[in-house]
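Hi everyone, thanks for coming. I'd like to walk you through one structure today, so let me put it up on the screen.

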Amino acid sequence: MKLNYDVLVIGGGHAGCEAASASANMGAKTCLVTMDMNKIAQMSCNPAIGGIAKGQIVREIDALGGQMGLVTDATSIQFRMLNVGKGPAMWSPRAQCDRGKFIWEWRRMLDQTPNLDIWQDQADELLVENGEAIGVRTIWGAELYAKCVVITAGTFLNGLMHIGRKMVAGGRIAEPAVPHFTESITRHGVVSARMKTGTPVRIDKRSIHFEDLEEQPGEKRDYQFSYMNKKGALQQLPCWTVNTNAEVHEVLRSGLEDSPLYNGQIQSIGPRYCPSIETKLVTFPEREKHPLFLEPEGEDTNEMYLNGFSSSLPMDVQIEALKKMPAFRDVKVYRPGYAIEYDFFDPTQLNHSLESKIIPNLFMAGQVNGTTGYEEAGGQGTMAGINAALKAGFAGSSNGEDYNPFILHRDEAYIGVLIDDLVTKGVDEPYRMFTSRAEYRILLRQDDADARLTEKAYELGLAKRDRYDWWMEKKKAIEEIESFCQNFAIKPRLINSNLEALGTTPLQFGCKLTELVNRPQLNLQNLSEIIPQLKEVLNRPINRKAEIAEAAEVRMKYKGYIERERMVAEKMHRLENIKIRGHFNYEELQGLSTEARQKLAKIQPETLAQASRIPGVSPSDINVMLVLMGR
């Protein structure tokens, strides 16, 4: 059997779902191939979306017209805004979700997406003709052809699971691995390697002594991920915190000789920033305790997730160690934690569009590019889906060979930082996004992703009219609040007593309201209680939405920082405009260091700015190239 499409997406995880929906929503006839339609967008590890820097990525996916934010809001059982004690560049939204309902909400969205088919099967071979990807053959013999193929296979490529000394092939617990498919790609010159990740034990809620845990409630404020304001209706549930202790550590250490991480069984590298509990003991032997977070898996299940207790130790060791904590003294588990090794492909072999430099029309997104995390996968999937649709001839691109790829720069989105890091620097461990990776993070706040991206997405045809209209309405409302504050005059005699009561210095002279907003002790909310005219502005129907006033306030308070960072970004754009790919034979440039020649020859950067971010390429190397190009 043969089927023909514009875009073919292999893998129904977070990257695959976003890629398929983006491509289909842009008008491309799309097919999503997944091994199990009942586990689409499965949250294989933590049942949560967002977190530090990750929450910003979800907001960006939403601003681009993606689905992750909408699905999260519909299935959220707890929402928190992290880092609110720091500046707004660091604020990061995070939501606990109902794992089962998350899957079915994604399935509902995909089922309702025009131009999108779902095919339940397993990819077995990438089909390549004249050096270009043209489709896949499945294990059941179906041949699916497309103008562009997007690989989003997660941890399934030659996946191997570990619990103690026991090893079982699989891409996820109780799910088969995908053999052969990696080899059908690498035979064409693409380089692959192995990575490792893991997940914790799942616990029966009925066996837990909650009186020995500390409750961690969610936000009282009505936060959401999606700018489209579609509120979910699920019951809001708390999480709990607990610490390990010396007895727990003693039991865990007794099993280290059977740990696949330390007995030579696992050779690949795991995530630095989400280590297993046994790695924590070895790396930080002086620590007497480690924090753990107990999180619900859903509103109507007894299954709970123990965040921070990822492990591949023998199952009896894991359970015995848990029982050394008072809250888990009678613990029952659904299954132990396990580690998994899987294939990924060197991301420096990709263009910024996420298309392979080696096999044209082949795109890759998610863990197959060496990343970890649902959000990083979703961001890549969105971009791969957009560019696959563009290359297939949609959204104004009639000729795939000379199409103009959609690329986000480092000052435009965390997604841009993520992709640039991958294709420029490569990975030697699973890549996770942090705010510290973004040099322009004041420009990449969680409150302004729609300001940065929605108009771009609307021009592509991905963001639809309702999303665009909402952004224009919101933009007008923010500007109205800013304009009012910039023009409203404050008289000292009318407000000084209130200012002192709010803990800030009284005025000696009149000023504009903006100057008061900029004071750290003051904000639009407490000022509106003493300035009736401001309260009237904030009480207009659209301005009552918390995100409107919050965005306006951030723009006013941090205006100087934002403008300064934008100037720095614009200087870097000058180097972004200097195209160098194909202009140099790096091996012959004796003015460059040996390391720079080797790295530049391998990666073949598109622009001088990209070259400047390659590890091993120094500022003096960039100056040599500028001189050679005649500046």
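Let's begin at Ile-530. Setting aside residues up to four places away in sequence, Ile-530 touches Ile-495, Asn-498 and Leu-502. Please keep in mind as we go that this is a predicted model.

Where does Ile-530 sit? You'll find Ile-530 in the loop between α15 (524-528) and α16 (532-538). Is Ile-530 buried or partly exposed? Its relative accessibility is 22%, and buried means under 20%, so Ile-530 counts as partly exposed. If you look across to Ile-386, that residue is 144 residues from Ile-530 in sequence and 49 Å from it in space, C-alpha to C-alpha.

Now for the nonpolar interior. In soluble globular proteins, nonpolar side chains tend to be buried together. Here, the largest nonpolar core has 135 residues, and those with the most contacts inside it are Leu-513 and Leu-516. Which helix gives this core its largest share? That is helix α9, residues 374-391, which supplies 8 residues. There is also another core that lies apart from this one; it has 24 residues, among them Val-201, Val-248, Met-304 and Phe-328.

Let me zoom in on Leu-513. Leaving aside neighbours within four places in sequence, Leu-513 is in contact with Phe-484, Cys-485, Phe-488, Ile-490, Leu-527, Ile-531 and Leu-534.

Next, a charged residue: Lys-101, whose place is in helix α4, residues 99-111. Lys-101 is partly exposed, with a relative accessible area of 28%. What does Lys-101 contact, once neighbours within four places in sequence are left aside? The partners are Thr-75, Leu-234, Glu-299 and Asp-300. With Asp-300 there is a polar contact of 3.2 Å between the two side chains. Another acidic residue, Asp-258, is 157 residues from Lys-101 in sequence and 37 Å away in space, C-alpha to C-alpha.

Last stop, the empty spaces. Rolling a probe the size of a water molecule over the atoms shows where empty space is left. How many cavities of 30 Å³ or more does a search of the whole structure find? It finds 4. I've picked the second largest cavity, which holds about 40 Å³ of space. Around this cavity you can see His-409, Arg-410, Asp-411, Tyr-440, Ala-569, Met-572, His-573, Glu-576 and Arg-613. By type, that lining divides into 3 nonpolar, 2 polar and 4 charged residues.

That's my tour; I'm happy to rotate the view for anyone who'd like another look.

Definitions and conventions
Residues numbered from 1 in each chain as written. Predicted model: local features only at pLDDT ≥ 70, side-chain atom pairs only at ≥ 80, totals over all residues. Heavy atoms only, no water. 1 Å grid on protein atoms, 1.4 Å probe; cavity = no way out; pocket = protein on both sides within 12 Å on 5 of 7 lines; lining within 4 Å. Points joined across faces, edges and corners; volume = space filled by probe spheres on them. Nonpolar A, V, L, I, M, F, W, Y, C, P; charged D, E, K, R; others polar. Core = buried A, V, L, I, M, F, W, Y, C linked by side-chain atoms within 4.5 Å. Buried < 20%, exposed > 50% of the residue type's maximum accessible area, 1.4 Å probe, protein only. Helix = DSSP H or I, 4+ residues; strand = E, 2+ residues; numbered from the N terminus. Contact = heavy atoms within 4.5 Å. Polar contact = N/O pair within 3.5 Å; in protein donor to acceptor, adjacent residues only side chain to side chain.
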